[in-house]
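Here is a short briefing to read alongside the structure. Please have the ligand site in view as you go.

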Amino acid sequence: MTTTRATTRVLTGITTTGTPHLGNYVGAIRPTVQASRQAGTESFLFLANYHALIKCDDPARVQRSTLEIAACWLAAGLDPQQVTFYRQSDIPEIPELCWLLTCVTGKGLLNRAHAYKAAQDKNAAAGREADDGVTAGLFMYPVLMGADILMFGAHRVPVGRDQVQHIEMARDMAASFNHLYGGGRELFTLPEAQVDEHVALLPGLDGRKMSKSYDNTIPLFAPREQLRKLIMGIVTDSRAPGEPKETEGSALFAIYRAFATPEESAAFAQDFAQGIAWGEAKQRLFERIDAEIAPMRERYQHLMTHPGEVEAILQAGAAKARAAATPFMHTLRRAVGLASLDGAAAAATRAAAAAPGEALPQFKQYREPDGQFYFKLTSGARVLLQSRGFASPRDAGQAVKRLQTEGAAALPALQDVLEPPADAQALAQALARLAAASD
Ligand code: TRP
């Protein structure tokens with residue numbers, strides 16, 4: 001089946017166990033926010049709080065981290081109108097899908113997952129039993145991640161190297177499921193990992209990679225004075241003022257470069273060569289970072305003290321995400337044989353079987369007096385789906401084509417050009433019927 005793809009769906013999740021630091025900002029937040037503004041992509045970004053439970057049993061920390069991470073992303077310029085920004089636990093379809101995937105995932109595949117194997121290796125090294133302290137949650141982690149990704153038909157998943165294996169596993173799950181239940185349809189889109197090789201790895205206070213596990217981080221939105229203090233604590237060598245200094249291997253310089261323009265970095269490198277004092281270099285670094293961070297910090301502080309605003313944004317995001325997840329889950333339930341016995345679904349199936357000539361739901365394209373092009377999906381007199389206005393008939397036609405070929409799986413990508421469906425179940429059934437009829 002070939003589809004003309006108008007947009008690329010990009011999805012990523014952030015586990016809610018920590019406080020974002022400068023390394024997260026440079027390595028993930030800043031590039032992701034920038035990418036989310038690109039035309040032709042559609043971003044799904046979520047707070048992976050079910051994942052947090054795998055590695056953290058401190059409720060206060062998970063709760064606090066959820067607010068901090070949400071506030072950080074919003075402060076850093078993520079536009080919740082433009083992207084779908086939600087909290088994993090607000091989407092009950094995700095754990096539901098997780099179970100369906102669990103049933104098509106080989107246990108042997110999960111045995112090979114790096115995170116699980118690392119836990120086993122650690123136990124072996126300490127002379128403990130292989131599965132000592134390993135929860136089933138850790139073992140199942142790749143399946144939950146598969147559900148996150150496959151639920152929204154993501155094409156691309158930007159992740160760190162350590163996560164690539166999980167994306168490959170999600171592909172395996174998708175392929176197995178399509179094969180078993182798709183009946184020729186691609187129920188799931190096969191995702192691809194996107195590892196950005198150029199993204200700066202920021203050194204931390206001690207010169208090693210900035211990471212929570214090394215306890216060498218600089219919190220992204222530390223208050224100004226604290227930020228200054230932390231920066232003054234970055235390790236340097238013992239060269240005196242006036243002595244030329246190396247930029248190579250200097251944590252201070254590497255951090256500066258991650259925030260500055262190439263010209264500013266070149267000027268800073270000159271100052272190194274001319275023997276700038278470390279104290280002054282640190283002050284310069286502080287000023288440069290603060291210039292970028294200060295306006296965002298203000299917004300961050302506001303959100304942290306108005307958690308209701310963050311909650312409202314996440315609720316709106318969840319509604320947007322569920323407008324796609326609910327009908328899609330419905331299609332999946334039907335595919336595996338979990339549909340209602342006496343509901344409309346069964347009736348539709350029977351009707352389709354008993355009366356193959358019965359009118360199928362229909363797409364209708366038309367133009368309104370506003371000059372824009374619209375389409376709707378109708379079943380008899382009922383309008384199951386109504387589009388918003390398109391500038392060209394071609395765009396409207398492409399959206400129709402996607403719904404015809406991809407079925408409910410295309411809904412997430414199209415949510416901005418569709419009115420929210422009044423009856424998501426009926427819509428999913430209609431799309432499933434059309435797909436079945438076109439097979
Ligand atoms: N496991 C990812 C991490 O630790 C976070 C995550 C959860 C994720 N679900 C995802 C990333 C889905 C991408 C897609 O970084």
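How far does a polar side-chain atom of Gln163 lie from a nitrogen atom of the ligand? The distance is 3.1 Å, within the cut-off for a polar contact (a pair of N or O atoms within 3.5 Å). This is a predicted model, in which local features need pLDDT of at least 70, side-chain atom pairs count only at pLDDT 80 or more, and totals for chains, interfaces and linings use all residues. Residues are numbered from 1 along each chain as its sequence is written, and side-chain values use heavy atoms, leaving out hydrogens and water.

**Around the ligand**

- On its own the ligand has 360 Å² of accessible area (Shrake-Rupley method, 1.4 Å probe), and the protein covers 87% of that.
- Two or more residues of the shell come from each of β1 (8-15), β2 (41-48) and α7 (136-151); helices (H or I, at least four residues) and strands (E, at least two) are DSSP runs numbered from the N terminus.
- The ligand has 14 residues around it (a heavy atom within 4 Å), and His51, Tyr141, Met145, Asp148 and Gln163 come nearest.
- An N or O atom in the side chain of Tyr141 is 2.7 Å from a ligand nitrogen.
- For the side chain of Asp148, the corresponding distance to a ligand nitrogen is 2.8 Å.

**Leu403**

- Helix α15 (residues 393-406) contains Leu403.
- Leu403 is buried, at 1% relative accessible area (buried means under 20%, with a 1.4 Å probe and protein chains only).
- Beyond neighbours within four places in sequence, Leu403 has contacts (heavy atoms within 4.5 Å) that include Phe363, Phe375, Leu385 and Leu431.

Note on methods. A polar contact is a pair of N or O atoms within 3.5 Å; within protein, one must be able to donate a hydrogen and the other to accept it, and residues adjacent in sequence count only if both atoms are side-chain atoms. Buried means under 20% relative accessible area, exposed over 50%, partly exposed in between (1.4 Å probe, protein chains only).
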